[in-house]
Amino acid sequence: MTVVRRPGIPARETGHEDLVSPVNSHNEWDPLEEVVVGRLDGSTIPSSHPVVACNIPPWAARLQGLAAGFEYPRRLIEPAQQELDQFITLLRSLGVTVTRPDAVDHKQRFSTPDWSSRGFCNSCPRDAMLVVGDEIIETPMAWPSRYFETHSYRELLKDYFRRGARWTSAPKPQLTDALYEKDFRPPEGDEPMRYILTEFEPVFDAADFVRAGRDLFVTRSNVTNQMGIEWLRRHLGPGYRIHEIESRCRTPMHIDTTFVLLAPGKVLVNPEYIDVDRLPDVLRSWDVLVAPEPDPIDERLLKMTSMCGKWLSMNVLMLDEKRVIAERHHTGMLRALEEWGFEPIPCDLLHYAPFGGSFHCATLDVRRRGTLESYFD
């Protein structure tokens, strides 16, 4: 826990006693004590925009454009909600405190002086907020439909702040046309990598970062640009290092199906996206575990509506250095985790994919029992 006190001012002069921050999370594996879990209420198909369409096949982008602004159909909501409820019950049975955002009607239209949009959903708190130690950072996301997404978490954020947490918001982006490459086309396999984002202003999703104490790892993507990475590097200061993970994915978005920190000295990598020989030098002493081929998804509707690739099998949530919640359907991943010395806890969240993720995406670990350490020489 972090004791928060203004430097040089005794507690009696601040008008209150020392506060013990309820927010304390330095890595992906310390024992989990409190977590925010997303919500599906009011979920709306995101408004059509090139930054949304660039990560899905052209036929899917056309369908998405036609359905944009409408609520998700019950056929998608109901199975996902049932699995989400079971996941929350599992977390609570394991002694983890679960908090939730407010329900929001994401169909409401909003605007800035430059554009207007409807919302999306608050299914994935991992995208909109980054926890580093006792600080929660609201991220400057690149999708216009997600511009006000953190408003549904404001009651939680204010409560954490009142009890001693630090609360920061990165610069709110303009999201004008200058941020996006005109007529962008994802690169083919033999072409140099390119991204839809320019360096007009800093933008990033928190889900493009994973934490290992004083070291963070990031993938540049179609929602995170170099200015966004540099903003966080300067904000965190010299006490932290940020290492970029090179991804071979042609439509990169979020690191947690590419490069997943499991425990001190153990990292799970996607063999399709990661060249192990090109990982940062700091990882040379770590065990690099190669993810098995995901089990195929036979449900046609789920395959068509998923916002995620097949490697969602890697999107696990560590409860501590041994126990890990993983998707029940992906038996190959469950077996591999056991072989590597972990204790997988199977759970269902397969039908959450149309809303943007699985266990890691659907959560934001607010408090883990541990301290800030360095895990690399």
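Leucine 66 sits in helix α2. Is leucine 66 buried or exposed? At 69% relative accessibility it counts as exposed, because the cut-off for that label is over 50%. Keep in mind as you read that this is a predicted model.

Leucine 66 also has company out there: together with Trp59, Leu63 and Met304, it makes a nonpolar surface patch of about 430 Å². Which element gives the most to this patch? That would be helix α2, spanning residues 58–67, with three residues.

**The chain as a whole**

Stepping back, the chain has eight helices and 19 strands. Its C-alpha atoms fill a box of roughly 60 × 55 × 40 Å along the principal axes. The radius of gyration is 20 Å, which agrees with a compact globule, because a globule with 377 residues would come out near 21 Å. Buried residues account for 56% of the 377. As for the outside, the accessible surface is about 16,600 Å², and carbon and sulfur atoms hold 50% of that. Contacts reach a long way along the sequence too: take those between residues at least 6 apart, and 72% of them join residues at least 24 apart.

**Four buried residues**

Now for the inside. Each row below gives a residue, where it lies and its relative accessibility.

| Residue | Place | Relative accessibility |
|---|---|---|
| Threonine 150 | loop between β8 (135–138) and α5 (154–162) | 5% |
| Asparagine 225 | loop between β11 (215–218) and α6 (226–236) | 1% |
| Leucine 349 | loop between β18 (343–347) and β19 (363–368) | 1% |
| Aspartate 365 | strand β19 | 1% |

Let's start with aspartate 365. At 1% relative accessibility it counts as buried, because the cut-off is under 20%. What does its side chain pair up with? Two arginines: there is a polar contact of 2.6 Å with the side chain of arginine 126, and another of 2.7 Å with the side chain of arginine 211. Leaving aside neighbours within four places in sequence, aspartate 365 also touches other residues, including Ser25, Asn27, Glu34 and Val131.

Asparagine 225 is another polar residue that counts as buried, at 1%. Its side chain deals with backbone atoms: a polar atom there lies 2.8 Å from the backbone oxygen of glutamate 201, and one lies 2.7 Å from the backbone nitrogen of glycine 228. Beyond its neighbours within four places in sequence, asparagine 225 is in contact with several residues, among them Leu179, Thr198, Glu199 and Pro202. How far is asparagine 225 from tyrosine 195 in space? The C-alpha atoms are 8.4 Å apart, with the two positions 30 residues apart in sequence numbering.

Leucine 349 counts as buried at 1% relative accessibility. Setting aside neighbours within four places in sequence, it is in contact with Glu83, Leu84, Phe87, Glu327, Ser358, Phe359 and Ala362. Arginine 154 is 195 residues away along the chain, and its C-alpha atom is separated from that of leucine 349 by 26 Å.

Last up is threonine 150, which counts as buried at 5%. Which residues is it in contact with, leaving aside those within four places in sequence? The list is Ala128, Met129, Glu138 and Leu157.

Technical notes: Residues numbered from 1 in each chain as written. Predicted model: local features only at pLDDT ≥ 70, side-chain atom pairs only at ≥ 80, totals over all residues. Heavy atoms only, no water. Helix = DSSP H or I, 4+ residues; strand = E, 2+ residues; numbered from the N terminus. Buried < 20%, exposed > 50% of the residue type's maximum accessible area, 1.4 Å probe, protein only. Contact = heavy atoms within 4.5 Å. Patch = residues over 30% accessible without salt bridge, like charges linked within 9 Å, V, L, I, M, F, W, Y side chains within 5 Å. Areas by Shrake-Rupley, 256 points an atom, 1.4 Å probe, with all protein chains shown as cover. Salt bridge = Lys/Arg side-chain N within 4 Å of Asp/Glu carboxyl O. Rg over C-alpha atoms; globule rule 2.2 N^0.38 Å. Polar contact = N/O pair within 3.5 Å; in protein donor to acceptor, adjacent residues only side chain to side chain.
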